[in-house]
Amino acid sequence: MLDAIGEVIDELSSPNDVVADLFAGSGSVSRFLSQARTVISADIQEYSRVICSAVLNPSNSIQPDIFVDQCRSSTMHDALIESCTEVLEYESEAISRALEGLPLQLCEFLEEASLIKSADENYLNCSGLLECALKASHKKLMRLESKFEGLCTATLYYGGIYFSFKQTVAIDAILYEIENSASRDKDTLLAALLSAVSNAVNTIGKQFAQPIQPRMSNGQPKKGIAAKVKKDREIDIFEVFSENLKKYVGLQGNKLPHQALCMDFSDALDQLPKNTRVVYADPPYTRDHYSRFYHVLETLCLRDSPTVSRTKIGGSLRLSRGLYREQRHQSPFCIRSQAPQAFTTLFSKVSKLGASLVLSYSPHVVREGEHPRVMTIEDLTALARSHFQEIYTVCPGEFKHNKLNSRENSFEQKPHGEILIICKN
Ligand SMILES: C[S@@+](CC[C@H](N)C(=O)[O-])C[C@H]1O[C@@H](n2cnc3c(N)ncnc32)[C@H](O)[C@@H]1O
């Protein structure tokens with residue numbers, strides 16, 4: 001879609017104007033637009049700010065090989081490995097046994113081997129040997145954590161569940177070195193780490209919405225679980241971090257004063273400069289909150305020891321299986337009753353700023369396995385009409401402008417994945 005977005009924005013602005021990308025997510029659009037214009041990106045999630053900052057203002061002063069060697073051979077890495085000796089050994093044994101055809105130890109490990117969860121439940125759901133390993137490592141990690149707050153975040157929260165303990169120990173060692181690096185380099189280093197953990201995570205589909213489930217609904221271990229677990233959990237975090245870091249460091253920047261903000265779209269709109277000519281907006285359009293799919297990235301960026309949400313599992317209130325942050329962002333754009341007001345705020349603030357809006361949204365076609373859209377294109381354009389003089393749509397791939405004068409214009413049946421609604425001031 002980038003070319004179509006670029007063409008539309010070229011029509012609406014001149015090269016010296018500022019363009020805002022308000023729901024910037026992965027930063028792909030911000031990066032593309034920043035090559036020829038000043039971009040202000042915003043998103044409610046800190047991990048998005050980190051990535052946008054890295055792609056808008058890349059730091060080229062980092063020497064990837066030296067930095068990665070420093071992390072790998074750091075005393076913190078050694079201390080973390082030492083603290084995790086018991087769980088590292090337990091995990092490696094569970095995988096070897098599963099590969100030999102004895103998968104039960106691995107199944108239990110994948111379900112219960114979270115250090116914070118097992119401690120919270122007083123090891124009630126763990127067998128004796130797993131309890132011993134978890135308790136021993138937890139005790140040593142908490143001692144380290146009390147000296148260096150946040151040091152063990154990845155290992156305590158996600159070790160055993162989303163990653164192998166070997167991987168979380170590497171992630172924590174890298175995070176520690178990042179914290180102690182020059183501030184101009186931090187976002188680039190962190191963005192490369194976010195890419196690395198996204199490459200390595202041991203889930204189906206490489207998201208963070210749900211940990212891997214080792215058993216079928218009848219309780220039997222799934223076939224092939226050992227091979228899948230081994231493949232993901234053997235990924236060397238330092239190596240993938242190094243590969244990703246080289247990519248980020250190799251990005252060409254320019255001298256334009258781009259900015260990456262972590263804030264709600266409405267607050268971002270209040271502080272955009274007067275010469276913002278176009279606002280590009282790509283809000284969520286289904287009930288799925290992005291914060292559920294990326295909560296691990298958010299916690300690795302914030303390292304704020306979040307409280308984990310609880311859910312009823314088998315009659316008792318346990319920490320959520322996915323170990324979600326309790327205060328994970330709930331976007332009004334994902335909630336049917338709140339979306340119209342959120343769009344009204346978006347339309348009215350962009351219009352008051354005197355800018356044009358390029359709104360990316362998906363038509364209401366429900367295919368198998370997809371969730372319905374929160375708003376229809378018709379309802380959206382009806383709302384936009386009270387704030388803008390001219391509204392038309394562009395279907396990327398077709399580059400066809402559709403005049404929207406009445407409600408008869410139906411997009412419901414069209415096969416487009418995404419359309420751009422242009423609202424001109
Ligand atoms: C469809 S994604 C954007 C994808 C983006 N265009 C890209 O290229 O990756 C929607 C984004 O909106 C963000 N978001 C949701 N509610 C928000 C709000 N109230 N304010 C700011 N950002 C929000 C989410 O965190 C998510 O990153």
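**The largest pocket and its ligand**

Modeller: In this predicted model, 45 residues line the largest pocket, and A24, G25, S26, D43 and Y290 lie nearest its centre.

Biologist: What volume does the largest pocket have?

Modeller: About 890 Å³.

Biologist: Which helix gives the most to the lining?

Modeller: α12, with five residues. Among the elements that each supply at least two residues are α2 (28-34), β2 (38-43) and α14 (237-249).

Biologist: What makes up the lining by class?

Modeller: It has 26 nonpolar, 13 polar and six charged residues. Y290 counts as nonpolar because Tyr belongs to that class.

Biologist: Where is the ligand?

Modeller: The space it takes is the largest pocket. A molecule sits in a pocket if more than half of its atoms lie within 2 Å of the grid points.

Biologist: How many residues surround the ligand, and which are the closest?

Modeller: There are 16, and the closest are S26, D43, D264, D282 and S331. By class, this shell has eight nonpolar, five polar and three charged residues.

Biologist: Why is the pair between S26 and the ligand called a polar contact?

Modeller: An oxygen atom of the ligand is 2.6 Å from an N or O atom in the S26 side chain. The cut-off is 3.5 Å, so the pair is a polar contact.

Biologist: What makes D264 and S331 polar contacts of the ligand?

Modeller: A nitrogen atom of the ligand is 2.9 Å from an N or O atom in the D264 side chain. For the S331 side chain, the distance from a ligand nitrogen is 2.8 Å. Both values are within 3.5 Å, so both pairs count. Taken alone, the ligand exposes 610 Å², and the protein buries 92% of that.

Note on methods. Residues numbered from 1 in each chain as written. Predicted model: local features only at pLDDT ≥ 70, side-chain atom pairs only at ≥ 80, totals over all residues. Heavy atoms only, no water. Near = heavy atom within 4 Å. Polar contact = N/O pair within 3.5 Å; in protein donor to acceptor, adjacent residues only side chain to side chain. Areas by Shrake-Rupley, 256 points an atom, 1.4 Å probe, with all protein chains shown as cover. 1 Å grid on protein atoms, 1.4 Å probe; cavity = no way out; pocket = protein on both sides within 12 Å on 5 of 7 lines; lining within 4 Å. Points joined across faces, edges and corners; volume = space filled by probe spheres on them. Helix = DSSP H or I, 4+ residues; strand = E, 2+ residues; numbered from the N terminus.
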